[in-house]
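Please open the model in your viewer and keep the sequence beside it, so that each selection can be followed in both. The tour goes from one selection to the next and says what is found at each stop.

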Amino acid sequence: MKILITGGAGFIGSRLSLALNKRGHKVTVLDSLAPQIHGKSPGQSSLFKEIDGKVRFVHGSVQRREDWLISLQGQDVVVHLAAETGTGQSMYEIERYVDVNTRGTAILLDILAKGECSISKVIVASSRAIYGEGKYRSEAGYVYPGLRSKEDLLNGDFECKCPVTGGSLSLVATDEDSTIHPTSIYGITKQNQEQMVLTVGQAIGIDSLVFRYQNVYGPGQALCNPYTGILSIFSTQLRQDKNINVFEDGLESRDFVYIDDAVEATILGIESETVHLGAFNVGSGVSTDVLTIAHVLKEKYRSSGRIHITGNFRLGDIRHNYADLTRINKKLGFQPKVSFEQGISMFIAWVMTQDVNDNGYQESLQEMRDKGLFK
């Protein structure tokens, strides 16, 4: 097939591009080579150099219709990965996030709806952020807590409460039928993206799939981007023997899925001839808390940096979320192959080969503090 990948020079996109090449597909990449991801010399970034000369590359933006039109001609499938990412940054870069994520997707769908090119399938990258807090069990049954109150957080009470009884909760895996209630602008734009793709795709007869990725990690992840996730942030700090600050009480948890598993899930969707519409979780199905991550990284890097549990918090952050993989296993046959122990070892081995530079993390926190979003 001829496959267009937007954001195809990014972390997931570059790995997906190479994997599709090996399977005999012809790949076109549309990417803006944003400095936040690729550094000050984007053309020299390792992610771009991995795909350079191996794909048809269009240096452009999903915000420009003409770049879409150039990229879409002759394609069979679109994998729309290009997006502004980062829940924290989205809370004060609102116009940019909405313009790139929501409007960029709208341009694609407008082109398809007007018949300006012929595409048989669209796959869009969504996020676990659309769920907000994950799914829980309480005395009242399954519940979906809303945003935690600022007062509770300031008092060091970080766990979610039952919205019905006010009592304690037990975390369970979040399935695709769970309540969608994002707690950040990023999450809202992802919700918009997937709803637009599913609605328009069904209306005009184009297969439309949504992949709700959990926290994807692995070799190639941007170490210079302060919004890229705690594995990169902690790694950069610890390799410089700097102290790391763990927010809340460190027991907040996430589902970390290795890059190769995320790519495999996406390829199953691209090549499926039986699944024509729907949303699917992509994760490991395992919950890992942040404090565990911090201790594993400190030990593996043999760092003298200390771990400080600060009690600080970012407004809009969730407490827990991990994926129920029942649907994607049943419909697409996806089963993650890389355990966290295996994946983190491969990630750390790669990090040890990379140059370590300041990633602007403290500046990003100060931005949020100045805007009242970091406490």
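Begin by selecting strand 9, which covers residues 207-213, and colour its two faces separately: on one side are Asp207, Leu209, Phe211 and Tyr213, on the other Ser208, Val210 and Arg212, and all of these residues are buried. The strand is thus mostly covered, with 7 of its 7 residues buried. Please keep in mind throughout that this is a predicted model.

Next, add the strands that pair with strand 9. Strand 5, residues 121-127, runs parallel to strand 9 and is joined to it by 7 bridges, and if you label Ala125 you will find that it stands opposite Phe211 of strand 9. Strand 14, residues 277-282, also pairs with strand 9 in the parallel sense, here over 6 bridges, and within strand 14 the bridge partner of Ser208 is Leu277.

From here, turn to the nonpolar interior. Which residues have the most contacts inside the largest nonpolar core? That core has 62 residues, and the ones to select are Leu16, Val79, Phe234, Leu297, Ile328 and Phe347. Taking Ile328 as an example, and leaving aside neighbours within four places in sequence, you can show its contacts with Glu176, Phe211, Ala265, Phe280, Asn281, Val282, Gly333 and Phe334; Phe211 is one of the buried residues of strand 9. A second, separate core has 23 residues, including Ala82, Ile119, Leu198 and Val210.

The next stop is a pair of helices. Select helix 9, residues 230-239, together with helix 11, residues 290-301, and you will see that they pack at an angle of about 40°, with their axes 10 Å apart. Their crossing is right-handed. On the side of helix 9 the contact is made by Ile230, Leu231, Phe234, Ser235, Leu238 and Arg239, and on the side of helix 11 by Val290, Ile293, Ala294, Leu297, Lys298 and Tyr301. Phe234 and Leu297 were already named among the residues with the most contacts inside the largest core.

Now compare this with a second helix pair. Helix 4, residues 65-72, and helix 6, residues 94-113, have axes that come within 10 Å and cross at roughly 55°, which makes helix 4 oblique to helix 6. This crossing is right-handed, and the residues to show as sticks are Arg65, Trp68, Leu69 and Leu72 of helix 4 with Gly104, Ile107, Leu108, Asp110 and Ile111 of helix 6.

Return to helix 9 and follow the chain into the loop between it and strand 11 (244-246), where Asp241 lies. Asp241 has a positive phi of about 60° although it is not a glycine, and with a relative accessibility of 43% it counts as partly exposed. Further along, in the loop between strand 11 and strand 12 (253-254), select Glu248, another residue that is not a glycine and has a positive phi, near 50°. Is Glu248 buried or exposed? Its relative accessibility is 3%, so Glu248 counts as buried.

Glu248 leads on to Arg319, since the two are in contact. Arg319 lies in the loop between strand 16 (307-309) and helix 12 (326-332) and is buried, with a relative accessible area of 0%. Apart from neighbours within four places in sequence, its contacts include Glu133, Tyr136, Arg148, Phe158, Asp249 and Arg254. Although 174 residues separate Arg319 from Pro145 in sequence, their C-alpha atoms are 10 Å apart in space.

Pro145 is also touched by Gly134, as are Val143, Tyr144, Thr174, His320 and Asn321, not counting residues up to four places away in sequence. Gly134 is found in the loop between strand 5 and strand 6, and at 0% relative accessibility it counts as buried.

Finish with the open sheet of 3 strands in the order 7-6-8, whose pairing is antiparallel. Strand 7 (141-143) and strand 8 (170-171) stand at the edges with a single partner strand each, so one side of each has no neighbour in the sheet. Strand 6, residues 136-138, pairs with strand 8 over 2 bridges, and Tyr136, which you met as a contact of Arg319, stands opposite Leu171 in strand 8.

How values were computed: Residues are numbered from 1 along each chain as its sequence is written. This is a predicted model: local features need pLDDT of at least 70, side-chain atom pairs count only at pLDDT 80 or more; totals for chains, interfaces and linings use all residues. Side-chain values use heavy atoms; hydrogens and water are left out. Two strands pair if DSSP finds at least two bridges between them. Helices (H or I, at least four residues) and strands (E, at least two) are DSSP runs, numbered from the N terminus. Buried means under 20% relative accessible area, exposed over 50%, partly exposed in between (1.4 Å probe, protein chains only). Contact means heavy atoms within 4.5 Å. A nonpolar core is a set of buried Ala, Val, Leu, Ile, Met, Phe, Trp, Tyr and Cys residues joined through side-chain atoms within 4.5 Å. Axes are lines fitted to C-alpha atoms, for helices over the stretch in contact, and angles run from 0 to 180 degrees between N-to-C directions. Angles under 35 degrees count as roughly parallel, over 145 as roughly antiparallel, 65 to 115 as roughly perpendicular and the rest as oblique. A crossing is left-handed if the near helix is turned anticlockwise from the far one by less than a right angle, and right-handed if clockwise.
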